[in-house]
Amino acid sequence: MENNMSIQEKFMNMSQDEKTEEQIKSIQMQQSTNQPWLDIRLTTEAMDYLWDDINGKQTDARNQLNGNISKSVFIEDKDNWFYENVVKELTEYLYYKDWNNYYSVHITKYLPPPVFKLYELWVNYQKQHEFNPPHVHSGIFSFVVFMKIPTHWKDQHALTFSANSNSPQASDFQFLFGQGNGHVKKIPLPLCPEDEGRMFFFPAWLTHQVLPFYGTEEERITVSGNIFFPPPEDSKDIHSTGTDQQV
Ligand SMILES: [Fe+2]
């Protein structure tokens, strides 16, 4: 307890730059471990396709989504381009990373190669103060793409109420990763405008949350999607609204 207190006190006395350096070190350490998600940078072509999808047909999705945000809409992956050119490879990579899947499909050929499908794609328009509490997704794999990030995490963490904490987190995206013993490790992924075009691709069961940002009227725009195998039996499975299974 005494040791914990002294570490905490040490952190409280650090300057913002020192805290930032500590955070970056901690993130780099976490990323060198066996993380279950992929951290990808999309091409300009892929981003252009997503913007086209965003500017196409939209249907309100708020009552089927978890986020406490004022605008969420389902969009369509026109000509299945984003799935075929970006998502498919990542899906198969994560699926076959599990040796049991690779063994059954490619070695014994006991199972046929699964046919995955991107069943839903949506955009969140997040305003300041809005948030997306801890949740998981439906399906087998999911992703989030940061289309527009109007704030820099350094400025957000420097806001008085965040900077005075021993763990500044304003505006962060976070994965919450169970350690199997009841302990849940929080993995903060601070965001800034340079992250536009960054994509996290992750197992649908991986809990995550998005914390609020402050001080601008500009929106944060993200695109998310869920990949299914096997296909959901009906639409209720796609847009589950239970406590645990939420898109
Ligand atoms: Fe999510």
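The following questions and answers concern a predicted model of a protein.

Trainee: How many helices and strands are there in the protein?
Mentor: The protein has 247 residues, of which 26% are buried. Its secondary structure comprises eight helices and 11 strands.

Trainee: What is the order of the strands in the open sheet?
Mentor: Strands of a sheet pair through backbone hydrogen bonds, either parallel or antiparallel. In this open sheet of seven strands the pairing is antiparallel. Strand S1 (38-41) and strand S2 (59-60) pair on one side only, so they are the edge strands by the rule that two strands pair when at least two bridges join them. The order is S1-S9-S6-S11-S4-S3-S2.

Trainee: Which residue in S11 is the bridge partner of Leu-121?
Mentor: S4 and S11 run antiparallel and are joined by nine bridges. Leu-121 has its bridge partner in S11, and that partner is Gly-225.

Trainee: What distance separates the end C-alpha atoms of H4, and does it exceed or match what H4 should span?
Mentor: H4 has 17 residues, and at 1.5 Å a residue it should span 24 Å. The model agrees with this expectation, as the end C-alpha atoms of H4 are apart by 24 Å.

Trainee: Where does H4 bend?
Mentor: H4 lies across S1, S4, S6, S9 and S11, and it runs at about 60° to S11. The bend in H4 is about 50°, and its location is Val-87.

Trainee: Which residues of H4 are buried, and what do they pack against?
Mentor: An α-helix has 3.6 residues a turn, so residues three or four places apart point the same way. The buried residues of H4 are Phe-82, Val-86, Val-87 and Thr-91. They pack against helix H3 (44-54), S4, S6 and S11.

Trainee: Which strand supplies the largest share of the largest nonpolar core?
Mentor: This core has 33 residues, and Trp-122, Val-145, Met-147, Leu-191, Phe-201 and Val-223 touch the most other members. Helix H4 (81-97) supplies at least two residues of the core, as does each of several strands, including strand S4 (117-126) and strand S11 (220-228). The largest share is six residues, and it comes from S6.

Trainee: Which residues does Trp-122 touch, not counting those up to four places away in sequence?
Mentor: Trp-122 is among the core residues that touch the most other members. With residues up to four places away in sequence left out, Trp-122 touches Ala-61, Leu-65, Ser-72, Val-73, Phe-74, Ile-75 and Ser-224.

Methods: Residues are numbered from 1 along each chain as its sequence is written. This is a predicted model: local features need pLDDT of at least 70, side-chain atom pairs count only at pLDDT 80 or more; totals for chains, interfaces and linings use all residues. A nonpolar core is a set of buried Ala, Val, Leu, Ile, Met, Phe, Trp, Tyr and Cys residues joined through C-beta atoms within 7 Å. A residue is buried if 20 or more other C-beta atoms lie within 10 Å of its own, exposed if 12 or fewer, and partly exposed in between; C-beta atoms are placed from the backbone. Helices (H or I, at least four residues) and strands (E, at least two) are DSSP runs, numbered from the N terminus. Two residues are in contact if their C-beta atoms, placed from the backbone, lie within 7 Å. The expected span of a helix is 1.5 Å times one less than its number of residues. The bend at a residue is the angle between axes fitted to the seven residues ending there and the seven starting there. Axes are lines fitted to C-alpha atoms, for helices over the stretch in contact, and angles run from 0 to 180 degrees between N-to-C directions.
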